[in-house]
Each structure stands twice: as C-alpha cells, then as structure tokens.
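Hello,

Here is the structure I promised to pass on. Please have a look, then read my notes below.

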Amino acid sequence: MKGPKKVLASGVSSEFRKYNHPHALFYTHGRGSLIYDVDGNEYLDFTLSQGPLILGHSHPEVLRAVEEYSRAGQLFAGQHIREVELAEKLNLLIPSAEMMRFCLDGSEAVQTAFRVARARTGKSKFLRFEGHYHGWMDNVCWGVSTPSAEALGSREQPNVFPWTEGLPEGVEHEFIILPWNDLALVERTVARRGHEIAAVITEPVMCNNGCIEPGPGFLQGLRDICSRNNIALIFDEVITGFRLSLGGAQEYFGVTPDLSVFAKAIASGYAISAIVGKYEWMRLIEQAKVIHAGTMNAGNPTVAAALATISVLENDRPHERMFRLGRKLMAGLRKAAAESGHPMLAEGPGPMFATSFTTLEKTSDYRDTLTADKAKLGRFIAAMHEEGVRVIGRGLWYISAVHTDEDIETAIAAAGKALKQI
Ligand SMILES: Cc1ncc(COP(=O)(O)O)c(C=O)c1O
C-alpha cells in the first residue's frame, strides 16, 4: 500500500475530516453511540458523522430496509413507488413541503433553491449571514472563515473573505452578507437593496459556528420582510432537519419558509437531500422553467434509508429524550468546567449544542463566536478524545436517539478529567 496521503489528497475525502484529532483517523465500524478506530479504540461518538446519524451507527431497521430495497435494484433512471411514498411522507411532516425534488447532498440542494428563487423573482442576489455554512460551492464559499472579528469591519457593510482559491471573478457579487440575528439591519438593507435580492437564506439555528438560536421574532421578522419584498425565504435545514423535530426548525419555531433544504439526518448517513417548498415556487421546476437533474438522485437504498429513518423516529418519538439528554450534558459540562476553573459556554437547543471557552454568557452571532479561545477548545477536544469521547473539532455536539443517560454521564466524567489536562 502506498499510504493514504500518496493517493488521497491530504489523506481524506472531505476537507473537514482532516481536522480529526490527532490527525485524520481511520475507523473500522460503528454501532449505536459507539465508533471504533483501526487500532481497536472505542469512542463514545457525539459527532454522528457530522450530524446524519440521528439513529446512531448501523441502526438495524435502516440496514434491513437498505438491504431489502437494494435487492430490488439500485437505480432505475426512472421512478419507483417508494420515492413517492417518501415525498408524501415529507409533505405531511414538513410545513413548507408542498412539492419537492430529491438530490444527493445539501450543497447542491442549496444551489437549486437559489435557482428557483432567482427564476421566480427575476432578481439575482441572495442575502446571507456571517458564519452560516451552506455548502462548499463557489457562491457560498465565503464568510465562514475569517482572520479576526475586527477584520469583518462594519456591521452594515461587512468585509467578506473567501474560504478557497479558485473562485471565478465576480462571484462575490452574487450575495450580500450581514451579521445574523439583527432584524433591523436586514430591514435597512432590504429597504435599500430589496430590488436586487431574490432570496434570504439562513440556518434557522446557526450551527456551523457555535450553536446559536434565533432571537425572539427574528425568523418571523425575516418571513415578513421577504413576503413584503418579493424575496424567497430559504431555510437551510441541513442540520436542523429532523433534529429539532420531524418537521424541522420550521415546525419547531412555527415559521414557514418558501423553500428549504433537508439533508444529513433524513437518511441516517445515506446520500439523499431534498429541496422542498411551496407550490408557487416549486412549480418552476415542475414546468421545467428551472432545471434540476442528477443521475444518482433518489436511488433505492437512499430512499429506503430515509423511509426507515422516518419510521423509527415516528414510532420511537425520541425527540423529547434527545432534548433532555442534550440539556443534561450541557449542564454537566458547564458544572465540570466551572469546577476546573475553565468556564465554558455550552449553548444550543439540546439535540445539538456547542461548547466554547469564552467569558460571554450567550452568543448571538458569528462575531461573538470569534471572541472564544479556539486553542483551548482544540486542547479540550483532543483531551476528550484521549478519554474516549469523540466531539466535532469546532465544539459541536450531536445527540442521537440511541444515546443513553449512562452515555451522558460517561461524557461528563470524561470532561471532568479532560478539563484538568488543558
Ligand atoms: C447548514 C448546512 N448547509 C449545507 C451544508 C452542505 O451539505 P453537504 O455537506 O451535504 O453538501 C451543510 C454541511 O455541513 C450544513 O451544515
């Protein structure tokens, strides 16, 4: 064998996997809340593969459905009835899902939403928010990594930084970026530039830098501004979808967007996403005024995985438990941190939350998160790993339907030890 770094660019298949502690690790298998590396080490897993594994690793009902449906064939370049069953299910569950199309991942579904928004409004730009992640395509590969809070400049007209080289000239003119959770700022910006803006896109809970809930009235305020100004409101529910409730953040917060994107948790780790929306928007795809395609879309195994995931979530109703366990873990981590003299902020709804080392009692936007001590967080995550607890490097924790009270207590005890080492 030549070795991973000789044949895979930097040894990984997704940039984020490089930042595993102590380097990109290799795993052999996962079961429930546990994952095992090639050296035979066992970890209590709170990464859940960056979110998708809402039922934990290798859930037997998902595996059974995938195996059974795969035996019938993998991909037909045509329709199969289960695809319609899945669409009908999502239509019942998700408030805005009057019509939908399936894709493979969140990144491409986001781009589809932009295309629909542009086509219907006849406008071109989208308004987005600092620190929100909407995939890695050219027009959203901005505003997620920043040299410092000061570098962002004014709130009215922030500076924006690309996350990659190789972007086409002028792509930064596709969007306007603002700090999040500031409705008056959105109001003023739309008053000036609403004639250019086709869509406002937001993570309903900001999960890619910290885990920040929208302030009271913020999402509804966006809803009203968009309705008044012929702008599509897009919820990027790639993380919040199924995690806050089966109807996503839109059900949880009671605010219905025009279009939204679901991925990650809808199929327990199989590659399927959905662009869903109100008929008046989605009919542009129906009429082929907006083109959406994809050879691999809605194959048998992925649709099977999504249907099985929904069925387990509907039967077991784990959300209340996931909220309770998440809140218990946050409280335990805060207590362990305070006792160790390293006050920690643990915030988020529960099924997902973030830890950071900052003196702030609460964060409300990306700029706040940049004040945290990242080096200390890195040492904490590394020490947790040594204690057998796996957490996403940026301090995000996911709770699954199969985590137990005992898992939470194990993680809190590990944090007590880890905090002594940092
Ligand atoms: C909120 C959000 N939107 C979009 C994406 C992109 O999704 P994918 O990685 O499936 O392309 C992600 C991925 O982490 C995400 O968190």
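The second largest pocket holds about 490 Å³ of space. Pockets were sought on a 1 Å grid over the protein atoms alone: a pocket is an open set of points where a 1.4 Å probe fits, with protein on both sides within 12 Å along at least five of seven lines. Its volume is the space filled by probe spheres set on the points, which are joined across faces, edges and corners.

This is a predicted model: local features need pLDDT of at least 70, side-chain atom pairs pLDDT 80 or more, while totals for chains, interfaces and linings use all residues. Numbering runs from 1 along each chain as its sequence is written, and side-chain values use heavy atoms, without hydrogens or water.

The pocket lining (residues with an atom within 4 Å of a point) has 25 residues. Gln79, Glu83, Arg101, Phe102 and Ala298 lie nearest the centre. Strand E4 gives the largest share, 4 residues. (Strands are DSSP runs of E, at least two residues, numbered from the N terminus.)

Now to Asp236. This residue sits in strand E8, residues 232-236. Asp236 is buried, at 5% relative accessible area (buried means under 20%, with a 1.4 Å probe and protein chains only). Its side chain makes a polar contact with the side chain of His134, at 2.7 Å. It also reaches the backbone nitrogen of Val238 at 3.0 Å. (A polar contact is a pair of N or O atoms within 3.5 Å, one able to donate a hydrogen and the other to accept it; residues adjacent in sequence count only if both atoms are side-chain atoms.)

Best wishes

Methods. Buried means under 20% relative accessible area, exposed over 50%, partly exposed in between (1.4 Å probe, protein chains only).
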